[in-house]
Amino acid sequence: MKSLGRLTGCALALACAHENKGVVAETDTKMKGAAAAEASQPPADGATAAIRPFNVKVPENALVDLRQRIAATRWPDRETVPDRSQGVQLEQLQEFVRYWGTGYDWRKAEAKLNALPQFMTTIDGLDIHFIHVRSRHTGALPVIITHGWPGSVIEQLKIIGPLTDPTAFGGRAEEAFDVVIPSIPGYGFSGKPTGTGWDPDHIARAWAELMKRLGYTRYVAQGGDWGSPISGAMARQAPAGLLGIHINLPAAVPPEVGAGIAGGGPAPAGLSEKERAVFDVLMTSAKKGNLAYVVMMAARPQTVGYAVTDSPAGLAAWLLGHPGFAQWTYGGDPNESPTKDEVLDDITLYWLTNTGTSAARLYWENAGRGVTSAAAQKTAEISLPVAITVFPDEVYRAPETWARRAYRNLIYFHEVDKGGHFAAWEQPELFAAEIRAAFKSLRPADGKVAAH
Amino acid sequence: MRSLGWLTGCALALACAHEGKGVVAESGTNMKGTAAAEAQPQAASTAEAATAAIRPFKVQVQQAALDDLRRRIAATRWPDKETVADQSQGAQLAKLQELVRYWGSGYDWRKAEAKLNALPQFTTNIDGLDIHFIHVRSRQRNALPVIITHGWPGSVFELLKIIGPLTDPTAHGGRAEDAFDVVIPSLPGYGFSGKPTVTGWDTDHIARVWAELMKRLGYTRYVAQGGDVGAIVDNAMARQAPAGLLGIHVNLPGTVPPEVDGALAGGGPAPAGLSEKERAVFDALSTYRKKGNAGYFVMMAARPQTVGYALTDSPAGLAGWILVHPGFAQWNYGDDPGKSPTKDEVLDDITLYWLTNSAASSARSYWENGGRSPISAAAQKTAEISLPVAITVFPEDVYRPPETWARRAYRNLIYFHEVDKGGHFAAWEQPELFAAELRAAFKSLRPAEGRVAAR
């Protein structure tokens, strides 16, 4: 337990304890930011490709500091409108942040994470954190599932059971998955890039390397939000072993539609009634400023970062500004998923890992390439099988016509009747059922998915 | 001093003392935000009877507010360093840390307060909102009154250095007949003006309020000046053409023609038929857009409240956000002590936003503006302006409008001059030159008989 002594003094107050192997040297690379700089021993170079066990344990003083800051929040005056059109409403946010500082318990989130096998591995010089749950069923199909912003691995936790243990959730043994859920570079417990170049293409290559390190020779990829362009980039790169992808925020918007929206209209000629309705929704969304956070973070992530790094309330408001939370009730409906505590798990993760800025930088790296634009995502270069589920409350409902045009090897397209941007978080059972159906045809007949 | 008792208890810790008249009841309407809500009933009713009154105003921030600011600065939690070697991701960590460290240890707000309180300041309530303004009359008879409007992330602070040259031209290389009476209001939601609690305080509304302000001051003939948000307000005043307004001078004119707007919005090629000079401006605007220079604008126009939470709770966050304005792109954080604005002057401005808690309320002015571009002729409806318009182009401003576009946008363009130095905060950066431009720009509009006021 030599490492724990040092950890207590971490400026960032983020300690990562270890299970099983007692690899003390490991601690150095697990530490983030200022803490890493305090490490007394260099990381074990010989173990770069190693997969290291990981557990989360945040020192109490980081939680105390967070509560103190919350209690000292200085608030602006109230919005001048009776809705969310100027951003999160003052009273709702105040109540939410008050609960964060008094009733919320991070230790429960920590326990949820630590109940799962978590690991760390260094790829291209960066520590990648991931959850890896193997199914007890032989021949389970490995899937790498990528979260987005303002999400994290927290939004994927509820699908792990249904995917790895389908028979306990109304599925069949032959529908089982081995699940790999990494934290994107700059997010959660993964390392923060200190140089440029960690764009979705780079992350996609790192994910292929990760799957290779795990010994998987045949696997699929899944993602929404950032997970979609990352999965799309994987499909373009077509690394050995990748059988196909499923995405729930497809890049299906055709060039002429994108141009029509960017220019402020009108709709291009020849749209069907259904396409026209989607065009109108996208246009309204643009006019309402729903994507302003994308513009701002793509332009000046550091500027956003100063404010959200120093203010818990500011961070909460910034994350909740995502259109994916537009219908969220702040826990007003206790049956709603995600719950108030679950959303706070996610926000608190951003706070404790000090990733408000590093996460925003992914938008800068992406340089404003629209994640829903077929041209920006170069979908024409994808020949691997692509599956899509359209969730009705997502930021847009891709019409099948556009999806077929964008992805020439579209093997699955399904519109379901509930769920939104955070589909895995909101409707985990339905989401898992979609993944099962989407990848059914890609399962190797011989069931061989790993080299060992 | 009855008022001072409850002022001490102000949650906002912003006290406004009064000079001259000892109008104690006045305090109620001078206070901002939470403090105003604490005003005693009798104070409010007294103020109501005097709605059209012009009330003296002084700034005196309570020590507790300054102590709190320093404590928060000392407790700043910083992000990791940007991943680039320039400002393309925003203010750089090392530079911002140094500035914020100075803010919390070396900077002295009391000097800023003294600068403001050395000037005659007033408030008056218009359409239910307290409007703070500086009002300096020239000692020259028949000085031309000018109302000068700041922008974001500026304040009355960016205009202080032009007051001397404008009101007292003979001391600054000008002539007595070049003199101005100067009125410098704080925009609603900015500085010591009140914060709108309802929608509708857009630039058209502010323009009408400015006309009312000049009327209350007894001015029957006057001109208006502005850059940034001030230019938008002035465009609106010129469109509205209130009685007495003789013309405007703007240093961020709305000249970009519709076909150029369209090409820029669509990210497309330049429209055909541009001259070489126009083409260069198109390219500069296109680059500006692609670099994300207007990201802050898009964000504040969309979700001012979201921006507000973080900036209200973090001094470093506020400073980082304010310094993202492209007008500060060339600013060297005070490394060149001969350069204006100095480090202290920029901190005066940032501290004003902090102490008046106006990050959210000022951002809301972008929301009210609905994202209409200040530089677009169509968005500014310049075709509806028939009053005389004067323009000075400062070379480092966010764009250099070509004269051809300016003439097309403003049919009664009486003055167009490109000067050789100065940028977005021209009055702050080059006060003498700025003042000389106003003298030249408005020369032809001065009433021959010199009568500018009703009294």
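A residue is called buried when its relative accessible area is under 20%, exposed when that area is over 50%, and partly exposed in between. Keep that scale in mind as we walk through this predicted model.

## Chain A at a glance

Let us start with one chain. Chain A contains 19 helices and 9 strands. It has 452 residues, and 62% of them are buried. How do its contacts bridge the sequence? If we take contacts in chain A between residues at least 6 apart in sequence, 76% of them join residues at least 24 apart.

## Where the two chains meet

Now bring in the partner. Chain A contributes 56 residues to the contact, and chain B contributes 57 residues. The size of an interface is often given as the accessible area lost when the parts come together. Here chain B and chain A bury about 4600 Å² between them, with 54% of that on carbon and sulfur atoms. Which residues of chain B lose the most area to chain A? They are B:Arg77, B:Gln89 and B:Tyr309, which together account for 19% of what that side buries.

The interface also has polar links. There are 32 residue pairs in polar contact between chain B and chain A, counting pairs with both residues at pLDDT 80 or more. Several helices of chain B each supply at least two residues to the side that touches chain A: H6 (93-105), H13 (295-302), H14 (304-313), H15 (315-322) and H17 (359-369). H14(B) gives the largest share of that side, 10 residues. Sorted by character, the residues on the side of chain B that touches chain A are 26 nonpolar, 21 polar and 10 charged.

How many salt bridges cross the interface of chain B and chain A? The rule finds 2. In a salt bridge between B:Asp80 and A:Arg361, the side chains come to 3.0 Å, N to O.

## Salt bridges within and between chains

Over all chains, the count of salt bridges comes to 37. The table shows some of them.

| Salt bridge | N to O distance |
|---|---|
| B:Asp80 and A:Arg361 | 3.0 Å |
| A:Glu174 and A:Arg172 | 3.2 Å |
| A:Arg218 and A:Asp446 | 2.8 Å |
| B:Asp204 and B:Arg239 | 3.3 Å |

Look at the pair of A:Arg218 and A:Asp446, whose closest N and O atoms are 2.8 Å apart. These residues sit 228 residues apart, so to speak at distant parts of the chain: A:Arg218 is in the loop between helix H8 (200-213) and strand S6 (219-223) of chain A, while A:Asp446 is in the segment after helix H19 (428-439). With 27% relative accessibility, A:Arg218 counts as partly exposed.

In chain B, the side chains of B:Asp204 and B:Arg239 form a salt bridge at 3.3 Å, N to O. This pair also links distant parts of its chain, with B:Asp204 in helix H9 (residues 203-216) and B:Arg239 in helix H10 (residues 229-240), 35 residues apart. Are the two partners buried or partly exposed? B:Asp204 has a relative accessible area of 22% and is therefore partly exposed, whereas B:Arg239, at 16%, is buried.

Some salt bridges share partners. In this way A:Arg172, A:Glu174, A:Glu175 and A:Lys440 are joined into one network. Two of its members are partly exposed: A:Glu174 has a relative accessible area of 47%, and A:Arg172 has 40%.

## A serine in a loop

A:Ser135 lies in the loop between strand S3 (126-133) and strand S4 (141-146) of chain A. Its relative accessibility is 11%, so A:Ser135 counts as buried. A polar atom of its side chain is 3.0 Å from the backbone nitrogen of A:His137. Beyond its neighbours within four places in sequence, A:Ser135 is in contact with A:Ala140, A:Thr164, A:Ala176, A:Phe177 and A:Asp178.

## The nonpolar core

In soluble globular proteins, nonpolar side chains tend to be buried together. The largest nonpolar core here has 267 residues, and those touching the most other members include B:Trp152, B:Trp321 and A:Phe96. Leaving out residues up to four places away in sequence, B:Trp152 touches, among others, B:Tyr190, B:Met300, B:Trp321 and B:Tyr366.

B:Trp321 belongs to H15(B), where it is buried along with residues including B:Pro315, B:Leu318 and B:Ile322. In fact, H15(B) is mostly covered, with 8 of its 8 residues buried.

How values were computed. Residues are numbered from 1 along each chain as its sequence is written. Chains are lettered from A and ligands numbered from 1 in the order in which they are written. This is a predicted model: local features need pLDDT of at least 70, side-chain atom pairs count only at pLDDT 80 or more; totals for chains, interfaces and linings use all residues. Side-chain values use heavy atoms; hydrogens and water are left out. Contact means heavy atoms within 4.5 Å. Buried area is the accessible area (1.4 Å probe) that two parts lose on being put together, summed over both. A salt bridge is a side-chain nitrogen of Lys or Arg within 4 Å of a carboxyl oxygen of Asp or Glu. A polar contact is a pair of N or O atoms within 3.5 Å; within protein, one must be able to donate a hydrogen and the other to accept it, and residues adjacent in sequence count only if both atoms are side-chain atoms. Helices (H or I, at least four residues) and strands (E, at least two) are DSSP runs, numbered from the N terminus. Ala, Val, Leu, Ile, Met, Phe, Trp, Tyr, Cys and Pro count as nonpolar, Asp, Glu, Lys and Arg as charged, and the others, Gly among them, as polar. Buried means under 20% relative accessible area, exposed over 50%, partly exposed in between (1.4 Å probe, protein chains only). A nonpolar core is a set of buried Ala, Val, Leu, Ile, Met, Phe, Trp, Tyr and Cys residues joined through side-chain atoms within 4.5 Å.
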